[in-house]
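Reader: I would like a close look at a single part of this model, taken slowly and residue by residue. Please choose one helix and explain how it sits among its neighbours.

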Amino acid sequence: MTRVVLVGPPGAGKGTQATTLSQRLGVPHISTGDLFRKHVGEETPLGREAKRYLDSGELVPDTVTNEMVRERLAEPDAKSGFLLDGFPRNTKQADVLGEILAENGESLDAVIELKVPEDELVKRLLGRGRADDTEEVIRRRQQVYRSETAPLLEYYSDILVTVDGIGDVDEVSTRVLDALGKRS
């Protein structure tokens, strides 16, 4: 069983790594962004509620996000493990994740932090060429990530594994798998 949370600042390559690792570990990649899009697209009650916040540019409340994750983790493909990307974002969400897993006698195996120097993150994000990706905006997002996520890293300190996020996709994936002891 592999139950892993992937954390890292914007531009660290979480989404890319999650897709690759999901395939190599044989567990689903569960992203809150994908969950939001699915629920909104299918116009589920949770999707309609999330859409109200997304349309007004606000963060979707933890209660809605938590329920989407709870439903997703109950699906059959997540029973043998999962890779969470973008959840939990704060310690309150981490408490809820712990409760969800404990209800089934489960717990997380590891929290993988992709570590990348801020200047490299800025370079990567500027390289995407998005209009809203100015250096000032990118550095602000990094600052928000640090303030929101630092408590999460402390929360999970007993199962936190920090991995160097510099290198090509396969190099970083191999480092993560080595850290998990699941290299194939």
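Author: Let us begin with a crossing: helix H2 passes helix H3 in a left-handed crossing. The structure is a predicted model, and what follows should be read with that in mind. The axes of H2 and H3 come within 7 Å and cross at roughly 110°, which makes H2 roughly perpendicular to H3, since angles from 65 to 115 degrees are counted in that class. On the H2 side of this crossing stand Phe-36, His-39 and Val-40, and they meet Leu-46, Gly-47, Ala-50, Lys-51 and Leu-54 in H3.

The crossing involves part of the buried side of the helix. H2 covers residues 32–41, and its buried residues are Thr-32, Leu-35, Phe-36 and His-39. These residues lie on the same side of H2, because they cover an arc of only 100° around the axis. Phe-36 and His-39 therefore appear twice in this account, as buried residues and as residues that meet H3. The buried residues of H2 pack against helix H3 (45–55), and also against strand S2 (29–31), helix H4 (62–73) and strand S3 (81–85). Turned away from the buried side is a face that carries the exposed residues Arg-37 and Gly-41.

The two ends of the helix deserve a look as well. At the start of H2, a side-chain oxygen of Ser-31 comes to within 3.2 Å of the backbone nitrogen of Gly-33. After the helix comes Glu-43, a residue with a positive phi, near 50°.

For comparison, one may look at another pair of helices in the model. Helix H1 (residues 14–25) packs with helix H8 (residues 169–180) at an angle of about 55°, and their axes are 10 Å apart; that angle makes H1 oblique to H8. H1 passes H8 in a right-handed crossing, whereas the crossing of H2 with H3 is left-handed. Among the residues of H1 that meet H8 are Thr-20, Leu-21 and Arg-24, and the residues they face in H8 include Val-172, Ser-173 and Val-176.

To return to the helix you asked about, its picture can be drawn together in a few words: the buried residues of H2 lie on the same side, where they pack against two helices and two strands, namely H3, H4, S2 and S3, while Arg-37 and Gly-41 are exposed on the face turned away.

Notes. Residues are numbered from 1 along each chain as its sequence is written. This is a predicted model: local features need pLDDT of at least 70, side-chain atom pairs count only at pLDDT 80 or more; totals for chains, interfaces and linings use all residues. Side-chain values use heavy atoms; hydrogens and water are left out. Buried means under 20% relative accessible area, exposed over 50%, partly exposed in between (1.4 Å probe, protein chains only). Helices (H or I, at least four residues) and strands (E, at least two) are DSSP runs, numbered from the N terminus. The arc is that of the directions from the helix axis to the C-beta atoms. Contact means heavy atoms within 4.5 Å. A polar contact is a pair of N or O atoms within 3.5 Å; within protein, one must be able to donate a hydrogen and the other to accept it, and residues adjacent in sequence count only if both atoms are side-chain atoms. Axes are lines fitted to C-alpha atoms, for helices over the stretch in contact, and angles run from 0 to 180 degrees between N-to-C directions. Angles under 35 degrees count as roughly parallel, over 145 as roughly antiparallel, 65 to 115 as roughly perpendicular and the rest as oblique. A crossing is left-handed if the near helix is turned anticlockwise from the far one by less than a right angle, and right-handed if clockwise.
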